[in-house]
Amino acid sequence: MTEKNYEVIHSNKLTQEMNSDRYIVVDTLSGEILADANGWGYLSKENARRAYEYMLNHGEKDMKQPSTDEEKQFEEYTAARVFLAKHPEIDNALLNAASYDTFYDYDENGGYTLSIHDMSDKKTERFSPAIVDRILAEYGYTDLDFSPYTLYKVFFKFG
């Protein structure tokens, strides 16, 4: 097993800016910021750790379309609708991402975070299933019964 070379720390700067405790992930050797929820900071150490571990271990999921089997597809859509109804924080995050779709993108280091500020030297990306996947990862939802593509479609159809 490889040695863990990152640490989740409290960010005084982001805490002051956001008026609540914020955490970031830094490289223990270089001190480089590895993940900061695209400049917003994570609300807890656990959320920061989960999001960064997910990025390390999984990257972006395969964004293939749902199964063509109608019964399985119906089950996925139903699971996604129920999930969205039970998790208003995800619905709000998706709504915000869809509202500012041309501002949500990869950071300059190729990370999987989202940003709606400080857009200099960043590649613009439209709201997509990849964005949905990164939002789910940021909130710690990495093992669901539906794909990010399905939630993306449900959000636009029912959201």
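A polar contact here is a pair of N or O atoms within 3.5 Å; within protein, one atom must be able to donate a hydrogen and the other to accept it, and residues adjacent in sequence count only if both atoms are side-chain atoms. With that in hand, take S11: its side chain reaches the backbone nitrogen of L14 at 3.2 Å.

Some ground rules come next. This is a predicted model, in which local features need pLDDT of at least 70 and side-chain atom pairs count only at pLDDT 80 or more, while totals for chains, interfaces and linings use all residues. Residues are numbered from 1 along each chain as its sequence is written, and side-chain values use heavy atoms, with hydrogens and water left out.

**The chain as a whole**

The protein chain has six helices and three strands; helices (H or I, at least four residues) and strands (E, at least two) are DSSP runs, numbered from the N terminus. Read from the N terminus, the order is β-α-β-β-α-α-α-α-α. Of the 159 residues in the protein chain, 41% are buried, where buried means under 20% relative accessible area, exposed over 50% and partly exposed in between (1.4 Å probe, protein chains only). Contact means heavy atoms within 4.5 Å. Among contacts between residues at least 6 apart in sequence, 49% join residues at least 24 apart.

**Four residues worth a look**

Here they are side by side.

| Residue | Place | Relative accessibility |
|---|---|---|
| S11 | loop between β1 (6-10) and α1 (12-18) | 9%, buried |
| N19 | loop between α1 and β2 (23-27) | 71%, exposed |
| D27 | strand β2 | 14%, buried |
| A35 | strand β3 (residues 33-35) | 2%, buried |

Back to S11 for a moment. Leaving aside neighbours within four places in sequence, S11 is in contact with R22, Y23 and I24. N19 has a backbone feature to check in your viewer: its phi is near 60 degrees, a positive value in a residue other than glycine.

D27 has two polar contacts through its side chain. A polar atom of that side chain lies 2.7 Å from the backbone nitrogen of L29, and the side chain of D27 also reaches the backbone nitrogen of S30 at 3.1 Å. Setting aside residues within four places in sequence, D27 is in contact with N5, Y6, E32 and L34.

A35 counts as buried because its relative accessible area is 2%. Not counting residues up to four places away in sequence, A35 touches I24, V25, Y42, Y52 and M55. The C-alpha atoms of A35 and R49 are separated by 9.4 Å, and the two residues are 14 apart along the chain.

**Helices α3 and α4**

What does α3 bury, and what does it turn outward? The 17 residues of α3 reach 24 Å from first C-alpha to last, close to the 24 Å expected at 1.5 Å a residue; the expected span is 1.5 Å times one less than the number of residues. Its buried residues are E76, Y77, A80, F83 and L84. Seen down the axis of α3, they fall within an arc of 125 degrees, so they line one face of the helix; the arc is that of the directions from the helix axis to the C-beta atoms. The face turned away from the buried side carries the exposed residues E70, E71, F74, A85 and K86.

Helix α4 (residues 88-99) has twelve residues, which should span 16 Å at 1.5 Å a residue, and its end C-alpha atoms are 16 Å apart, which agrees. I90, A93, L94 and A97 are the buried residues of α4. They cover an arc of only 100 degrees around the axis, so they sit on the same side of α4.

How do the two helices meet? Helix α3 (residues 70-86) packs against α4 at an angle of about 95 degrees, with the axes 5 Å apart. Axes are lines fitted to C-alpha atoms, for helices over the stretch in contact, and angles run from 0 to 180 degrees between N-to-C directions. The angle makes α3 roughly perpendicular to α4: angles under 35 degrees count as roughly parallel, over 145 as roughly antiparallel, 65 to 115 as roughly perpendicular and the rest as oblique. F83, L84, A85 and K86 of α3 make the contact with P88, I90, D91 and L94 of α4.

**Helices α2 and α5**

Helix α2 (residues 45-57) and helix α5 (residues 129-138) pack at an angle of about 140 degrees, with their axes 8 Å apart. α2 and α5 are therefore oblique to each other. N47, A51 and Y54 of α2 make the contact with D133, A137 and E138 of α5.
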